[in-house]
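User: Hey, got a minute to walk me through this chain before I head back to the bench?

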Amino acid sequence: MNTTVTTNEIIQKKRAAICIDDDPYVLQMLEIQLRDIFRNEPMLIELITDPCTTIQQIDCLQSNGYEIVFLITDYRMPQMSGYEFIYAVKTKFPGIASILLSGQADKFEVRELLHTEVITAFINKPWKLQDLQTALTRISQLKQQGLLK
């Protein structure tokens with residue numbers, strides 16, 4: 001079996017990041033910062049205000065050949081908590097790296113999510129670009145070590 005990856009296959013690899021927050025301003029800021037961080041890499045950035053549609057969106061992206069590199073979600077949303085949302089996503093897509101973003105998260109819950117590796121990183125609101133870069137560097141390192149898909 002030939003496992004050589006051709007240049008054409010590398011070019012065709014599609015990557016996506018998903019951001020979920022009920023606040024459109026937060027999504028806009030995340031998009032600006034992520035576009036800056038990934039300015040030299042092709043990356044689709046999906047902005048979603050309703051967490052209930054995200055699993056279908058992930059299914060759709062994956063069926064169209066996208067690798068979901070990570071998702072960033074708010075902790076407090078009207079439809080469900082970030083805690084409930086991440087558990088729902090991880091049940092169906094256990095390999096997706098996730099970043100929880102909040103200024104109001106329960107510290108014990110966050111510690112448990114990090115300890116059980118349900119979330120890959122936690123970022124306090126308001127955040128700085130460096131906070132986001134640090135979390136994304138951690139995800140990249142874990143993927144390189146084979147600890148994340």
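Analyst: Sure, we can start with the overall fold and then go through some individual residues.

Analyst: One thing up front: this is a predicted model.

User: Good to know. How many helices and strands are in the chain?

Analyst: The chain has 6 helices and 5 strands. Reading from the N terminus, the elements go α-β-α-β-α-β-α-β-α-β-α. The radius of gyration is 15 Å, close to the 15 Å from the globule rule for 149 residues, so the chain is as compact as a globular protein of that length.

User: And what box do the C-alpha atoms fill?

Analyst: Roughly 50 × 30 × 30 Å, along the principal axes.

User: What share of the residues is buried?

Analyst: Buried residues account for 40% of the 149. As for contacts, if you take those between residues at least 6 apart in sequence, 67% of them join residues at least 24 apart.

User: What about the surface and the charges?

Analyst: The accessible surface is about 8,800 Å², and carbon and sulfur atoms own 52% of that. On charges, there are 15 positive and 18 negative side chains, with the centres of the two sets 5 Å apart.

User: Switching topic. How many aromatic pairs turn up in the whole structure?

Analyst: The search finds 1 aromatic pair. Phe38 and Phe70 make it, and the pair is stacked, with 6.0 Å centre to centre and 25° between the planes.

User: Where do those two sit in the chain?

Analyst: Phe38 is in the loop between α2 (24-37) and β2 (44-48), while Phe70 is in strand β3, so the pair links distant parts of the chain, 32 residues apart.

User: Are Phe38 and Phe70 buried or exposed?

Analyst: Phe38 counts as buried because its relative accessible area, 11%, is under the 20% cut-off. Phe70 is buried as well, at 1% relative accessibility.

User: While we're in β3, what does Thr73 touch?

Analyst: Thr73 is in that strand, which covers residues 66-74. Leaving out residues up to four places away in sequence, Thr73 touches Ile20, Gly82, Phe85, Ile86, Ile99, Leu100 and Leu101. Thr73 is buried, with a relative accessible area of 0%.

User: Now Lys14. Is that one buried or exposed?

Analyst: In between: Lys14 is partly exposed, at 32% relative accessible area. You'll find Lys14 in strand β1, residues 14-20.

User: Which residues does Lys14 touch?

Analyst: Asn64, Gly65, Tyr66 and Glu67, again not counting residues up to four places away in sequence. There's also a C-alpha to C-alpha distance for Lys14 and Gln62: 9.5 Å, with their positions 48 residues apart in sequence.

User: Okay, backbone oddities. Which peptide bond is cis?

Analyst: The bond from Lys125 to Pro126 is cis, with omega near -10°. Pro126 is in the loop between β5 (121-124) and α6 (129-144). For context, most peptide bonds are trans.

User: And which non-glycine residue has a positive phi?

Analyst: Glu117 has one, about 60°. Glu117 belongs to the loop between α5 (107-115) and β5, and is exposed, with 65% relative accessible area.

User: Back to the loop with the proline. Where is Lys128, and is it buried or exposed?

Analyst: Lys128 is in the loop between β5 and α6. Lys128 is exposed, since its relative accessible area of 61% is over the 50% cut-off. The C-alpha atoms of Lys128 and Gln33 are separated by 9.5 Å, although these residues are 95 apart along the chain.

User: Last stop: what does Thr120 touch?

Analyst: Beyond residues up to four places away in sequence, Thr120 touches Ala97, Ser98, Leu114, Arg138, Ile139, Leu142 and Leu148. Thr120 is in the loop between α5 and β5, and counts as buried at 7% relative accessibility.

User: And Ala121?

Analyst: Ala121 is in strand β5 and is buried too, with a relative accessible area of 8%. Setting aside neighbours within four places in sequence, Ala121 contacts Ser98, Ile99, Leu100, Leu114 and Ala135.

User: How far apart are the C-alpha atoms of Ala121 and Ala97?

Analyst: They're separated by 8.5 Å, for residues 24 apart along the chain.

Technical notes:
Residues numbered from 1 in each chain as written. Predicted model: local features only at pLDDT ≥ 70, side-chain atom pairs only at ≥ 80, totals over all residues. Heavy atoms only, no water. Helix = DSSP H or I, 4+ residues; strand = E, 2+ residues; numbered from the N terminus. Buried < 20%, exposed > 50% of the residue type's maximum accessible area, 1.4 Å probe, protein only. Contact = heavy atoms within 4.5 Å. Rg over C-alpha atoms; globule rule 2.2 N^0.38 Å. Areas by Shrake-Rupley, 256 points an atom, 1.4 Å probe, with all protein chains shown as cover. Lys, Arg positive; Asp, Glu negative; His and termini not counted. Charge placed at Lys NZ, Arg CZ, Asp CG, Glu CD. Phe/Tyr/Trp six-rings, centres within 6.5 Å; stacked < 30°, edge-to-face > 60°.
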